[in-house]
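User: I am new to this structure and would like to be guided through its core, its helices and one of its sheets. Please explain each term as it arises.

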Amino acid sequence: MAQLTRLAACITSAFLGALALADRLELVDGTVIEPCFVRHEGVRLLVWDSMDQVGGPASKTFLKSQVKDFKLKRDESWDSKPARPDLSVTFIEMTPKLAGLHGRVQYAAPWIMKPGGCPEIEDTGDRGYLYPESTVRNVKFQYQPGEEVTLTAHVKNLGFVKSQSFDYVWLIDGAEVKKGTFSKPLLEMQEATFVYKYKWLSGRHTATFKIITKQPEIATINNELEDPLWGFSYVFIVSKGRVNMWHQFRSAYGTFSFEDYYRWHVEIMNTLFKASVFPSAPNGIEARVRLDRIVYADDVQKAKAERDNGHLIMDQGAWIWEDSPEEIKSGKFGQTNWEWRCATEWSLPHELGHQLGLIDWYAHDCDGSDSFKWSDSGQRVVHFQNHPEAMMHWHGPQTFNEVDAGYLNLTWNKPRGHFGDHVFATPAENYLRVVDVNGQPVPFAKVEVFQRGVKVDQNGKPEIQKGITFYPIVMDGEYDNEIRKDPVISGNTDESGMIRLPNRPVRPVKTLNGFELKPNPFGHLTCFAPSLMMVKVTKFDKPQYFWLEIYDFNVAWLRGQKDRFDQTLRTPYRSASSPLAPTDVTVTKIDAEHVKVSWKAPAASLEQQSYLNRPIGYKIYRRVGDMGLNDRPWFVVGTVGKDTLEFVVNLKDYPVDTEWFTKTQRFAVSSVGDQSVESELVDVVMK
């Protein structure tokens with residue numbers, strides 16, 4: 001009896017321990033799932049109910065929007081090595097290889113150059129700037145219909161005992177085209193290859209290699225790989241020692257494998273591509289990526305040199321795991337901690353995005369300049385990229401943004417190597433429409449435009465284009481993050497509140513992707529040149545600040561506004577038909593979470609009781625931070641009647657995307673007249 005009691009206690013203890021060491025998932029509706037094992041794929045989370053299910057199809061799937069939070073809670077038991085094999089389709093290689101242009105594009109121009117005597121690229125001189133196809137006319141970038149392409153599936157035993165015989169099948173677009181049996185055992189970490197000769201079809205087709213076995217395995221989710229044949233091909237270069245190190249523990253994918261874990265991140269990119277849906281990309285990103293090859297290197301630096309050997313690189317991007325001097329010397333490779341390897345490595349889809357030509361949108365974040373400060377707070381006018389929840393702004397479980405989507409959709413069948421040439425895609429004519437608080441034009445306002453990173457040439461001669469002045473800049477190729485006090489454009493709005501941004505001169509250049517640098521408001525553009533401008537609008541002696549990102553011009557172009565783009569800048573100025581504004585606006589702190597905004601009614605003499613002087617109510621506004629007015633604009637927090645002269649604001653209730661740089665708290669009040677016409681905003685800063 002005592003033995004049974006001790007046995008029961010041991011079972012209970014083991015059970016409770018297992019509960020404590022599994023993950024915890026909390027849904028938005030309050031549901032808690034625990035114990036479980038969670039895998040984050042950006043737009044969805046996969047959940048396994050128990051350890052014996054890990055490595056198989058997910059028990060549950062939740063959209064990212066359904067999940068409030070999750071915690072990974074695992075220990076060394078997660079890395080226990082089952083005495084089973086684990087057959088994995090690690091990648092499908094395609095030959096012959098197609099050339100890419102990585103390392104062959106001069107970004108500053110940008111044009112295809114001929115460094116190091118690359119024999120495949122012709123030296124066409126200045127003709128290469130506008131006719132890039134002439135420099136690569138003898139280079140093979142695409143397969144031709146009917147051309148024979150060899151598909152080689154790589155299968156590796158990532159388990160800890162040898163495998164038994166297994167069947168396999170090749171499928172094209174889901175239809176079986178070849179099958180067979182592999183009768184030899186595969187030892188631990190041993191690889192076998194399987195070949196299929198494919199007649200190339202134009203368009204978007206898939207190839208699938210599938211393993212069929214009755215032998216119990218560590219995982220089954222890696223027994224099948226579907227490859228988008230039109231996808232951009234990546235190569236991974238990694239030392240053999242690092243691969244062996246990854247075989248010693250289980251990753252977030254659920255297997256003991258470098259290959260599975262990092263191929264999964266390529267698959268995540270395709271998942272995020274599908275979900276990157278916008279007006280100009282209604283079907284998401286239709287381009288795809290695929291892992292074409294893994295180079296298992298004895299010497300990573302030597303393998304890198306062999307990839308870039310003076311000829312064109314035969315892939316569309318690579319990721320290389322560099323070895324530290326200590327690892328090279330000792331042969332012992334540092335093991336990532338369990339929190340890292342049990343999670344998604346969000347930096348990799350971001351970095352692989354760069355390989356496709358996508359730029360860092362966080363380069364548009366700007367901490368301002370001492371030359372431009374808000375008069376009320378004394379703080380710099382700062383800027384945070386307007387759509388930061390995107391993969392290429394920062395690493396994390398986000399989709400790609402609309403410009404990324406449009407760029408890849410337009411170039412899905414072009415070789416990679418250009419970087420951010422989509423910035424050239426700007427409308428032919430660009431206007432700013434300056435409006436007041438009621439959306440009415442602000443006529444004859446002074447407009448000055450300042451560009452980050454450039455220096456105005458003080459010895460140069462200003463030019464006037466349709467009444468707007470623009471100034472020459474120093475073209476020395478050196479750009480920084482400063483916003484200097486000299487404008488690059490200046491002028492005034494017309495009677496309808498419009499001002500045309502002049503097309504500043506550039507040296508024309510066209511990329512192989514089809515994007516052409518033409519005269520535009522930003523002037524010389526590359527992925528590194530300044531593509532952020534600050535606008536200062538002055539009327540009634542009260543300047544207002546805005547920011548212009550190249551992103552918005554690119555989006556307008558992608559949405560079909562190739563001829564003309566009007567960008568509206570909403571100011572807090574009054575209209576001609578505005579009622580009198582309130583006076584003496586103050587803000588008083590009530591407690592840690594609430595403030596009271598108070599004001600006085602506008603004063604009007606008995607002889608001035610027209611509708612222009614008789615408010616019927618008031619609107620209360622709030623703004624958080626010191627960013628431009630089109631970055632984080634004023635938002636309404638309340639509307640009251642004409643006899644109410646105070647309003648309580650909950651400080652915690654505001655748009656969370658304002659929490660960047662400073663958190664200056666501003667409040668404002670406007671009078672509301674007939675037909676809801678408002679006065680100017682009378683604002684105050686909370687001290």
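Analyst: A nonpolar core is a set of buried Ala, Val, Leu, Ile, Met, Phe, Trp, Tyr and Cys residues joined through side-chain atoms within 4.5 Å; buried means under 20% relative accessible area, exposed over 50%, and partly exposed in between, with a 1.4 Å probe and protein chains only. This is a predicted model, in which local features need pLDDT of at least 70 and side-chain atom pairs count only at pLDDT 80 or more, while totals for chains, interfaces and linings use all residues. Residues are numbered from 1 along each chain as its sequence is written, and side-chain values use heavy atoms, with hydrogens and water left out.

User: Which helix gives the most to the largest nonpolar core?

Analyst: The largest nonpolar core has 102 residues, of which Phe400, Leu408, Val535 and Val537 touch the most other members. Helices (H or I, at least four residues) and strands (E, at least two) are DSSP runs numbered from the N terminus. With nine residues, the leading contributor to this core is the helix spanning residues 258–275, α4.

User: Is α8 largely enclosed or left open by the rest of the structure?

Analyst: The buried residues of α8 include Leu348, Pro349 and Leu352. Their cover includes β15 (232–239), α4 and β17 (318–320), through contact, meaning heavy atoms within 4.5 Å. Because eight of its nine residues are buried, α8 is largely enclosed.

User: How is α4 oriented relative to α8?

Analyst: Axes are lines fitted to C-alpha atoms, for helices over the stretch in contact, and angles run from 0 to 180 degrees between N-to-C directions. The axes of α4 and α8 (residues 347–355) come within 9 Å and cross at roughly 65°. Angles under 35 degrees count as roughly parallel, over 145 as roughly antiparallel, 65 to 115 as roughly perpendicular and the rest as oblique. Therefore α4 is, relative to α8, roughly perpendicular.

User: Which strands stand at the edges of the open sheet with the order β29-β30-β33?

Analyst: Two strands pair if DSSP finds at least two bridges between them, and this three-stranded open sheet has antiparallel pairing. Six bridges join β29 to β30 (residues 594–600). Two strands have a single partner each, so one side of each lacks a neighbour in the sheet: β29 (583–591) and β33 (646–650).

User: Which residue in β30 stands opposite valine 587?

Analyst: β29 and β30 run antiparallel. Opposite valine 587, the residue in β30 is valine 597.
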